[in-house]
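Visitor: I am in my first year, and I would like to look closely at one exposed spot and then follow the chain outwards from there. Could you take me through it slowly, in one connected answer?

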Amino acid sequence: MRVETPSGNKSTRVTNEPLSDMDEVLIITSRCGFYIGVRSGMVEPMDMGHSADSSELIPQIQTVRMSLRPPSRFTGGTDLILWLKRFEMYVRKVKVDESQWTSELLPLLDDGPFRVISQQGLVDSGDYAAVTRCLRAQYAPEGNHLEWQAKFQRRGQKADENLVTYVGELRVLADKAYPGWSNDQRLQLVRDQFVQGLRSSTVQLRLMKEMPDTLDEALKLAIQQESVEAAQKRLSSERGHGSSSLASSSRRWNTLAFFQNAISIETVSEVHCL
């Protein structure tokens, strides 16, 4: 709540507003109880927990510095180095042991950054240095963003690369190439590049025709079309094998008939000579 007292007027107006992360906090004692607020005028009432004689409460104001909240979630679209500095300021201020820093950091990662850590098998490692190195390599690469963008735009599906792996590799490149973009924007880029780089022209045409709205929809549709294509190839192969067997059988029958005819002619000749 914000308490606003206009100059020359003793009336007070109260509005709801959140506290900031780092601010001067006022601890105010009055007849009604205790209040906590920042110097800008934001206050939060605190329950005294017991009744007290109002005459014993002497109005006091104390100013302290406090920050009890961690930084906002890291989505991959903000400055990682600055975010890590804020995080480390927070864990030091609340006196978190360094061995627990990873446990404090992981819940603050959005899905994309958390996936990067998980793919490297670092979720349960407790190795804060390794986790931050992994994040830096992904979201604060030393190379030029234009180089990563070129790699992303050239990335197509490799031979014998399944669709799920292909999407995962595109997402990693997109995070490096477009760190300042929102997660939704990067997913749209990955969807478009996914369709453009597909090896199967049949699957690609199906996706271009149906125009899926999201990356997940595009992946599901591609897997479905790929399964249909594989089934058609198997059926065609089986039909071809059946035709080959029939042709081979026909050749065997023709050969047998030839020899039978030859034997019959030879027998007739022998009879005629007699």
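Guide: In this predicted model, D160 is exposed, because its relative accessible area is 85% and a residue counts as exposed when that value is over 50%. If you look for D160 along the chain, you will find it in the loop between helix 5, residues 145-154, and helix 6, residues 163-177. The backbone at D160 deserves a pause as well, since its phi is positive, at about 65°, although D160 is not a glycine.

From this loop you can step back into helix 5, where W148, Q149 and F152 are buried. Where do these buried residues of helix 5 lie when you look down its axis? They fall within an arc of 105°, so they line one face of the helix. On the other side of helix 5, by contrast, L146 and R154 are exposed. If you then ask what covers the buried residues of helix 5, the answer includes helix 6 and helix 7.

Helix 6, on the far side of the D160 loop, also meets helix 4, residues 128-139, and the axes of the two come within 7 Å and cross at roughly 80°. Helix 4 and helix 6 are therefore roughly perpendicular to each other, since an angle from 65 to 115 degrees counts as such. The contact is made by A137, Q138 and Y139 on the side of helix 4, and by V172, D175 and K176 on the side of helix 6. Sorted by class, the residues of this contact are 3 nonpolar, 1 polar and 2 charged.

Helix 4 has a further meeting to show you, this time with helix 1, where the two axes come within 10 Å and cross at roughly 155°. That angle makes helix 1 roughly antiparallel to helix 4, because values over 145 degrees are counted in that way. Here L80, I81, L84, F87 and E88 of helix 1 touch a set from helix 4 made up of Y128, T132, L135, R136 and Y139. By class, the contact of helix 1 with helix 4 has 7 nonpolar, 1 polar and 2 charged residues.

These helices lead us inwards, to the largest nonpolar core, which has 22 residues, and in which W83, F87, L105, L109, I117 and L135 touch the most other members. Helix 1 (80-93), helix 2, helix 3 and helix 4 are the elements that give two or more residues to this core. If we take L105 as an example and leave out residues up to four places away in sequence, it touches W83, L84, F87, Y128, V131 and L135. Apart from this core lies another one, of 21 residues, including A174, F194, L215 and L219. A general tendency is worth keeping in mind here, namely that nonpolar side chains tend to be buried together in soluble globular proteins.

In helix 3, the residues G112, P113, V116 and I117 are buried. Seen down the axis of helix 3, they fall within an arc of 140°, so they line one face of the helix. Helix 4 is among the things that cover the buried residues of helix 3, and just after helix 3, G121 takes a positive phi of about 70°.

To finish, let us go to another loop, the one between helix 8, residues 201-210, and helix 9, residues 215-273, where M211 has its place. M211 is exposed, because its relative accessible area is 63%, and its phi is near 50°, a positive value in a residue other than glycine. R191, which is found in helix 7, residues 183-196, is instead buried, because its relative accessible area is 16% and the cut-off for buried is under 20%. Leaving aside its neighbours within four places in sequence, R191 is in contact with P212, D213, T214, L215 and A218.

Definitions and conventions. Residues are numbered from 1 along each chain as its sequence is written. Side-chain values use heavy atoms; hydrogens and water are left out. Helices (H or I, at least four residues) and strands (E, at least two) are DSSP runs, numbered from the N terminus. Buried means under 20% relative accessible area, exposed over 50%, partly exposed in between (1.4 Å probe, protein chains only). Contact means heavy atoms within 4.5 Å. The arc is that of the directions from the helix axis to the C-beta atoms. Axes are lines fitted to C-alpha atoms, for helices over the stretch in contact, and angles run from 0 to 180 degrees between N-to-C directions. Angles under 35 degrees count as roughly parallel, over 145 as roughly antiparallel, 65 to 115 as roughly perpendicular and the rest as oblique. Ala, Val, Leu, Ile, Met, Phe, Trp, Tyr, Cys and Pro count as nonpolar, Asp, Glu, Lys and Arg as charged, and the others, Gly among them, as polar. A nonpolar core is a set of buried Ala, Val, Leu, Ile, Met, Phe, Trp, Tyr and Cys residues joined through side-chain atoms within 4.5 Å.
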